[in-house]
Amino acid sequence: MASDVSSAGAPQAPRLTSLSHGGGCGCKIAPGVLSALLEGSRLPLAQAFPQLLVGSETADDAAVYQINERQAVVATTDFFMPIVDDPFDFGRIAATNALSDLYAMGATPLFALAIVGMPINVLPHATIAQILQGGEAVCREAGIALAGGHSIDSVEPIYGLVGIGIVDPAQLKRNATARAGDVLILGKPLGVGILSAALKKNLLDAAGYAQMVQVTTQLNRPGSALATLADVHAMTDVTGFGLLGHTLELARGAGLQARIDSAHLPLLPGVRQWAQQGVVTGASGRNWQSYGAQVALPAGCEAATQAILTDPQTSGGLLVACAPQAAQAVLGVFAEAGFAHAAIIGSMEQGAEGAPGVQVV
């Protein structure tokens, strides 16, 4: 792709988002396609490796390997193409998103490694350096070292982290252990994918951009504190498969039905209006095609609500299943950490045989 040229004749760096076919967690392979690709490849790892407490069986957020009675190593990796054009912000968002998987398991991060793929002859080296600096800034905020990594020359810009953390096995939180009667609490507002679509169309103003960056660079630290609460039964983070997709994983893992109250969903400012105007991502439609048959929407549900429910979140919020009596304590943990939009959005129930995995009301 040719670079733009300023009025003075100096070459300008291309927009980061113009170099990629998708951005943020919207780059993820659609859940239905991914499931087909992995069909038959999931081995009974627990039998061969008894210390492996969490593998790929339930599509959990990270792998967990026990090393002694009180300690288990938690490992994850996450990377994607630009969701914003500012290189420093891109690095921050990608790093925050990667570390979120550790917090979703209740772990405390230990260190990280960088994953870097850049079109080295297309982007100015200063731009690439700013992406790396953004990732380093988030690691410093998390109190961990960015201890190395790996880089390649690629067609599209790619950045992310390998995250390594630690957790007490007794406090490990999985995405498959919700209980009937639990309430569902979402830690961050929805709509990142919709705002990113508005940004790519040059429709998002400075205030909307600032809100999107603020929420996507807010570390999900409450996960480590929530791990100490016995009445928190399950946890995950909402990313590329949207709220419905990740709630469906909770329901499948526990053999329950999730109920979502669409009127109580926290949203970023302007998201519903953008969705009503058709400003959505292609990933939203792919998500619905993958799992829509397992979701019951209310009669007359507007297209905008469906788009919000399937909207791919980049560095999205923690989704927590806890006993009703623990709900206020969970909300208190979020509030103390500065998560102003955390809200109760639904519940887990014992569904009838053949019932959809998620019911939206």
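## The seven-stranded sheet

In this predicted model, seven strands form an open sheet with mixed pairing, in the order β10-β13-β9-β14-β11-β15-β12. Two of them, β10 (232-237) and β12 (295-296), are the edge strands, and each pairs on one side only. Helix α3 (residues 87-104) packs on the sheet, where it touches β10 and β13 (318-322). The direction of α3 makes about 170° with that of β10.

Elsewhere in the sheet, strand β11 (residues 257-260) and strand β15 (residues 358-360) are joined by three bridges and pair in the parallel sense. A258 has V358 of β15 as its bridge partner.

## Strand β9 and its two partners

Strand β9 covers residues 183-186. It runs antiparallel to β13, with four bridges between the two, and V183 stands opposite C322 in β13. Strand β9 is also antiparallel to strand β14 (residues 343-349), again over four bridges. On that side, I185 stands opposite I344 in β14.

The side chains of β9 alternate in direction: V183 and I185 point one way, while L184 and L186 point the other way. All of these residues are buried.

## Helix α8 against helix α10

Helix α8 (residues 242-254) packs with helix α10 (residues 282-291) at an angle of about 35°, and their axes are 9 Å apart. The crossing of α8 past α10 is left-handed. On the α8 side the contact is made by G242, L244, G245 and L248, and on the α10 side by N287, W288 and Y291. Of the residues in this contact, four are nonpolar, three are polar and none is charged.

## T247, a buried residue of α8

Helix α8 also holds T247. This residue counts as buried because its relative accessibility is 0%, where the limit is under 20%. Leaving out residues up to four places away in sequence, T247 touches L184, A258, I260, L319 and V358. Among these contacts, L184 belongs to strand β9, and A258 and V358 are the bridge partners that link β11 with β15.

## Helix α11

Helix α11 (residues 303-310) is largely enclosed by the rest of the structure, because six of its eight residues are buried. The buried ones are A304, T305, A307, I308, L309 and T310. Their cover includes the helices α5 (192-200), α8, α9 (271-276) and α10, together with the strands β11 and β15.

## T217 in a loop

T217 lies in the loop between α6 (206-216) and α7 (222-226). Although T217 is in a loop, its relative accessible area is 8%, so it is buried. Apart from neighbours within four places in sequence, T217 is in contact with R92, I93 and T96. These three residues fall within helix α3, which spans residues 87-104 and packs on the sheet.

## Cysteines

A disulfide is a covalent bond between the sulfur atoms of two cysteines. With a cut-off of 2.5 Å between sulfur atoms, the count for this model is zero disulfides. The cysteines include C139 and C301, which differ in accessibility: C139 is buried, with a relative accessible area of 1%, whereas C301 is partly exposed, with a relative accessible area of 26%.

Methods
Residues numbered from 1 in each chain as written. Predicted model: local features only at pLDDT ≥ 70, side-chain atom pairs only at ≥ 80, totals over all residues. Heavy atoms only, no water. Axes fitted to C-alpha atoms, helices over the stretch in contact; angles between N-to-C directions. Left-handed = near helix turned anticlockwise from the far one by under 90°. Contact = heavy atoms within 4.5 Å. Nonpolar A, V, L, I, M, F, W, Y, C, P; charged D, E, K, R; others polar. Buried < 20%, exposed > 50% of the residue type's maximum accessible area, 1.4 Å probe, protein only. Pairing = 2+ DSSP bridges.
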